[in-house]
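User: I'd like to learn how to read the way helices pack and where the core sits. Can you walk me through it?

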Amino acid sequence: MSEQVHQMFTQIAPRYDVTNDVLSMGTHRLWRKVAVRLSQAKPGDAVLDCATGTGDLAIDFKRVVGTAGRVKGTDFNAAMLSTAPAKAKALGLDLEFEVADAMKLPYPAQQFDVASISFGIRNVDDPKVCLTELARVVKPGGRVVVLEFGQPTGLFGVVFRLYARFVMPLIGQLLTGNRAAYEYLPRTAAAFPAGERFVDLMRSTSAFSAQSAHTLMAGLAYVYVGVVR
């Protein structure tokens, strides 16, 4: 992640959750639950959630794996991660959080049953390296799960692009004081490979025995699942 992007997330971190809820009308929370379901995580599993931000996806995983399971949430940006431990504690959930780079994870191979990253892989310097690293720390037969924006088509796509270009930056500026961040985020989402193009990227790593894309809201987002070799 570039220093500029790192600083951007540091600036918007205090208002990140409320801004996400307003911009997506809460839809991102439903998408995370779909990602957990598609991961096939079960009680007792060990899960690594990268780019965890304020910890929402890690918390959803912890509710599934239970007290017998283990969930570790990591993020490159300490400011984004700072509110996650208190959020988990308030819910009575025992999670681990630490700063770590998703392209160079400080964990031995084959430690987790599931590794995930939501709305973060488009911000890493090399998504292919990130996918390979996520697969490295997952046991054979386990799953790597990626939740990321896509590019919807048709009339819905036209409406969303207008919303992303004009409304998102305005709301972002009002809630966080950082208009540029909410111009950057939809711009990178529009440019990032989605659908079968991302599946091809997963396939090119040779880390997975199977890979698939699951469409959300007519291609506004996708959940990608890779089964580790």
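Analyst: Sure. Axes here are lines fitted to C-alpha atoms, for helices over the stretch in contact, and angles between their N-to-C directions run from 0 to 180 degrees. Keep in mind that this is a predicted model.

User: So how do the axes of helix α1 and helix α9 cross?

Analyst: In general, a packed pair of helices is described by the angle between the axes and the distance between them. Here, the axes of α1 (residues 3–12) and α9 (residues 181–191) come within 11 Å, crossing at roughly 120°. That angle makes α1 oblique to α9. The crossing of α1 past α9 is left-handed. On the α1 side, V5, M8, F9 and I12 make the contact, and they meet A181, Y182, Y184 and L185 of α9. By class, that contact has 8 nonpolar residues, with no polar and no charged ones.

User: What about α2 and α3, at which angle do they pack?

Analyst: Helix α2 (residues 16–24) packs on helix α3 (residues 27–39) at about 95°, and their axes are 7 Å apart. So α2 is roughly perpendicular to α3. The residues in touch are N20, D21 and S24 from α2, with T27, H28 and R29 from α3. This contact has no nonpolar residues, but 4 polar and 2 charged ones.

User: And which residues of α7 meet α10?

Analyst: P127, K128 and L131 of α7 do, and their partners in α10 are F198, L201, M202 and S204. Sorted by class, the contact has 5 nonpolar, 1 polar and 1 charged residues. As for geometry, the axes of α7 (residues 127–136) and α10 (residues 196–204) come within 9 Å and cross at roughly 60°. The two helices are therefore oblique to each other, and α7 passes α10 in a right-handed crossing.

User: Now the core. Which residues touch the most other members of the largest nonpolar core?

Analyst: The general idea first: in soluble globular proteins, nonpolar side chains tend to be buried together. In this model, the largest nonpolar core has 44 residues, and F9, F61, L95 and V223 touch the most other members. Another core, of 31 residues, lies apart from it and includes A100, V144, V146 and A194.

User: F61 sits in α4, I think. How many residues of α4 are buried?

Analyst: Helix α4 (residues 56–65) has 8 of its 10 residues buried, so "mostly covered" is a fair description. Among the buried ones are L57, I59, F61 and V65, along with D56, D60 and K62. Just after α4 comes G66, with a positive phi near 70°.

Technical notes: Residues numbered from 1 in each chain as written. Predicted model: local features only at pLDDT ≥ 70, side-chain atom pairs only at ≥ 80, totals over all residues. Heavy atoms only, no water. Helix = DSSP H or I, 4+ residues; strand = E, 2+ residues; numbered from the N terminus. Parallel < 35°, antiparallel > 145°, perpendicular 65-115°, else oblique. Left-handed = near helix turned anticlockwise from the far one by under 90°. Contact = heavy atoms within 4.5 Å. Nonpolar A, V, L, I, M, F, W, Y, C, P; charged D, E, K, R; others polar. Core = buried A, V, L, I, M, F, W, Y, C linked by side-chain atoms within 4.5 Å. Buried < 20%, exposed > 50% of the residue type's maximum accessible area, 1.4 Å probe, protein only.
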